[in-house]
Amino acid sequence: MTKKKGVRAETLLANGGRDPESNYGIVNPPVYHASTVTSPTLTAYRSRDFTKDITYGRMGTPTQKALEEAVALVEGGDRAIAVSSGLASITTTVSAFVQSGDHILCTDSAYFPTRNFCNNVMAKYGVETTYYDPMIGAGIADLIQDNTKVVMTEAPGSQTFEVQDIPAIAEAAHARGAVVIHDNTWGTPINFRSFERGVDVSVHAATKYIVGHSDAMLGIIVTKNEHYDALIKNFRYWGQHAAPDDCYLGLRGLRTMGVRLKQHQESALVVANWLREHPDVSRVLYPALPDDPGHEIWKRDFEGACGLFGVVLKDHYDDDALGAMLDGLELFAMGASWGGYESLILPSTPIRTATTWEAEGSLLRLHVGLEHTDDLIADLEAGLARLK
Ligand SMILES: *Cc1c(COP(=O)(O)O)cnc(C)c1O
């Protein structure tokens, strides 16, 4: 267990979840590969505590526990559970709190696979989902039914970057006994302090900034003690698991996440400000920009921003024109995911059912990596020139 705790995020990032003295003085925890875990006696076997002990590979190795301890400390939750992917952190959490006949409220701006899970899996088990306007704030009270057990939030919204008023939503949800789940992938455990904003369970695609190097799939659920039991049981029921090597990569990424994020934000601001002035660009969707509609709430609730934002062009372009721009980019690659050290770009198409999302032109999603911003801007400038 961690001894050098400290109170500030940077210190916890460096020290959380490690104890060199228990491991020959070696700075990082080792990777334990395991399925079978043996017990020395029958008594010991009978008295294994599944919430604490290392009992079976699927239930977690010491490498996984180290990662869980570190992330929980950094975000300010009581406990964490590592799972196989960001999506698994969402499905494991949402399904922990509902049964047949229950109701979920989910933001219309949710990560698309969250919607898929609610519509195709939860619905199959008799759980209904209502999508709500991400900007609803305290008005969510009017949508909460007696059977509403979960309010799913995500800020900023996937692809569209609206900043939800999480404290207002949480207050209304708690007044009716619903659990507030927050997809905190963009916020990260340091830039959005979920538990100080009223969230009950925070879920992360650790695949993104926690791993930070585009080389592992990992999810993390961070929770208050009150919900740990329901979550760890559900983790076991579904056979969830996080691979030891990937937990190690997550832990290793976490150590430098603070400095990486500062640079991602600084560079994203430079690129976003440049794009804003470009004649082909209508708007940049990035809450860290002072004139972004979500800026005030972002400033109130977030400690920082990451490198992911949206760009609305002035016109709609077909795939021939977009391809001319995107295919020739040398630094911005096209591919799913984000949060690694490298820059990415994709066209995006938000899916809405409770609200509409209409833009005056094509929408692109950019991830600004750690390359020099002059080079990134030159790449985008040449790309935009190819659009027409
Ligand atoms: C990527 C992402 C996920 C899913 O993470 P995976 O590790 O790819 O399963 C969940 N939520 C958000 C907001 C994401 O961007």
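This passage walks through the ligand site, the salt bridges and one loop with uncommon backbone features. The structure is a predicted model, and the residue numbers count from 1 along the chain as its sequence is written.

A good place to start is the ligand. The ligand sits in the second largest pocket. Around the ligand there are 14 residues, and those that come nearest are G86, L87, D183, T207 and K208. Sorted by class, this shell is made up of six nonpolar, five polar and three charged residues. Among the contributors to the shell, helix α4, which spans residues 86-94, gives the most, with three residues.

Three polar contacts help to place the ligand in view. On the backbone side, a polar atom of G86 lies 2.8 Å from an oxygen atom of the ligand. A polar backbone atom of L87 is likewise found 2.8 Å from a ligand oxygen. The contact with D183 involves a side chain: an N or O atom there is 2.7 Å from a nitrogen atom of the ligand. As for exposure, the ligand taken alone exposes 380 Å², and the protein buries 90% of that area.

Attention now turns to charged pairs within the protein. Side chains of opposite charge can pair when their charged atoms come close. The structure holds 16 salt bridges, including one between E162 and R352, whose closest N and O atoms are 3.0 Å apart. This pair links distant parts of the chain, with the two positions 190 residues apart in numbering. E162 belongs to the loop between β4 (148-154) and α6 (166-175), whereas R352 belongs to the loop between β10 (344-347) and β11 (363-367).

The loop that carries E162 rewards a second look. Most residues other than glycine have a negative phi, and most peptide bonds are trans. P156 has its place in the loop between β4 and α6, and the peptide bond leading from A155 to P156 is cis, with omega near -10 degrees. F161 is also found in the loop between β4 and α6. Although F161 is not a glycine, its phi is positive, at about 65 degrees.

Methods
Predicted model: local features only at pLDDT ≥ 70, side-chain atom pairs only at ≥ 80, totals over all residues. Heavy atoms only, no water. Near = heavy atom within 4 Å. Polar contact = N/O pair within 3.5 Å; in protein donor to acceptor, adjacent residues only side chain to side chain. Areas by Shrake-Rupley, 256 points an atom, 1.4 Å probe, with all protein chains shown as cover. 1 Å grid on protein atoms, 1.4 Å probe; cavity = no way out; pocket = protein on both sides within 12 Å on 5 of 7 lines; lining within 4 Å. Sits in = over half its atoms within 2 Å of the grid points. Helix = DSSP H or I, 4+ residues; strand = E, 2+ residues; numbered from the N terminus. Nonpolar A, V, L, I, M, F, W, Y, C, P; charged D, E, K, R; others polar. Salt bridge = Lys/Arg side-chain N within 4 Å of Asp/Glu carboxyl O.
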